[in-house]
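Below is a set of questions and answers on one protein model, meant to be read beside the sequence and coordinates.

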Amino acid sequence: MGTGLIEISEQLAIPEAEIVERFVRASGAGGQNVNKVSTAVELRFDVAGSPSLPEPLRERLLARRDRRMTGEGVLVIDAQRFRTQDRNRQDARDRLVGFIQAGLSVPKPRVATKPTYGSKLRRLDQKKERAHVKRGRSTRNWE
């Protein structure tokens, strides 16, 4: 843990003190290196309790259905793609930045619309045409 800032955007940065990093052994193949060196990183960031996130952003992030988010609003990112601790640490931080940046964009509100008169007519014409085709397949007049 350091005293620096993690840049999210020009207006938003998160202090490193709000991030908890734990180094664990990576899973999977890798031989002796994977068995004796803790290179995987488990990064935890408390989205619900972070004072550096604006309230609308916090609500959008908590509303996302993401399996990495716990019930208490803590984001857990596991990084074990690389063989070195530093690269995995940077990978976890990059993924944290990406997650928060995805919440920065405010979704455009949906405007309810009605189908046009022409589209209604086209739909009804297609239904009549299909009914005519199916009516022609009936077995009534076979002799």
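Q: How many salt bridges does the count come to?
A: The model is predicted, and side-chain atom pairs enter the count only at pLDDT 80 or more. Among the pairs are R89 with E21 and R58 with E55. By this rule the count comes to eight.

Q: How far apart in the chain are R89 and E21?
A: The closest N and O atoms of this salt bridge are 2.7 Å apart. R89 belongs to helix α3 and E21 to strand β3, so the pair links distant parts of the chain. Their separation in sequence is 68 residues.

Q: Is E21 buried or exposed?
A: Its partner R89 has a relative accessible area of 25%, which is partly exposed. E21 has 16% relative accessibility. The cut-off for burial is under 20%, so E21 counts as buried.

Q: Which residues are linked with R89 in a network of salt bridges?
A: R89 forms a salt bridge with E21. That pair is part of a network that holds four residues by name. Besides R89, these are E16, E21 and R93.

Q: Which strands do R22 and E42 link through their salt bridge?
A: The side chains of R22 and E42 meet at 3.7 Å, N to O. R22 is partly exposed at 46% relative accessibility, whereas E42 is buried at 13%. The two residues lie 20 apart in the sequence, and the strands they link are β3 and β4.

Q: Which residue in β5 is the bridge partner of E42?
A: E42 is in strand β4. β4 and β5 pair in the antiparallel sense over six bridges. Within β5, the bridge partner of E42 is D78.

Q: Which residue of β4 stands opposite I19?
A: Strand β3 covers residues 19–24 and pairs with β4 in the antiparallel sense, over six bridges. I19 lies within that range. The residue opposite I19 in β4 is F45.

Q: How many of the seven residues of β4 are buried?
A: β4 pairs with β3 and also with β5. Burial requires a relative accessible area under 20%, and E42 in β4 meets this at 13%. β4 is mostly covered, and the number of its residues that are buried is five.

Q: Why are R58 and E55 separated by about one helical turn?
A: The two form a salt bridge with closest N and O atoms 2.6 Å apart. R58 is buried at a relative accessible area of 10%, and E55 is partly exposed at 42%. They are about one helical turn apart because their spacing in helix α2 is three residues.

Q: Which residues touch the most other members of the largest nonpolar core?
A: In soluble globular proteins, nonpolar side chains tend to be buried together. Here the largest nonpolar core has 21 residues. Those that touch the most other members are F45, L53, L96 and I100.

Q: Which element gives the largest share of this core?
A: The elements giving two or more residues to the core are β4, α2, β5 and α3. Among them, α3 spans residues 85–104. The largest share is five residues, and the element is α3.

Q: Which residues is I100 in contact with, leaving aside neighbours within four places in sequence?
A: I100 is one of the residues that touch the most other core members, and F45 and L53 are also in that group. Both appear among the contacts of I100. The full list is I8, L12, I14, F45, L53, L57 and L61.

Q: Which side chain joins S52 in a polar contact of 3.1 Å?
A: S52 is found in the loop between β4 and α2. Its side chain has a polar contact of 3.0 Å with that of S50. Leaving out residues up to four places away, S52 touches L12, A13, I14, P15 and E18. The polar contact of 3.1 Å is with E18.

Q: In which helix is confidence lowest?
A: The protein averages a pLDDT of 83, and 90% of the residues score at least 70. Confidence is highest in helix α4, residues 117–136, at 95. The lowest mean, 64, falls in residues 32–36, helix α1.

Technical notes. Residues are numbered from 1 along each chain as its sequence is written. Side-chain values use heavy atoms; hydrogens and water are left out. A nonpolar core is a set of buried Ala, Val, Leu, Ile, Met, Phe, Trp, Tyr and Cys residues joined through side-chain atoms within 4.5 Å. Buried means under 20% relative accessible area, exposed over 50%, partly exposed in between (1.4 Å probe, protein chains only). Helices (H or I, at least four residues) and strands (E, at least two) are DSSP runs, numbered from the N terminus. Contact means heavy atoms within 4.5 Å. pLDDT is the predictor's confidence in each residue, from 0 to 100. A polar contact is a pair of N or O atoms within 3.5 Å; within protein, one must be able to donate a hydrogen and the other to accept it, and residues adjacent in sequence count only if both atoms are side-chain atoms. Two strands pair if DSSP finds at least two bridges between them.
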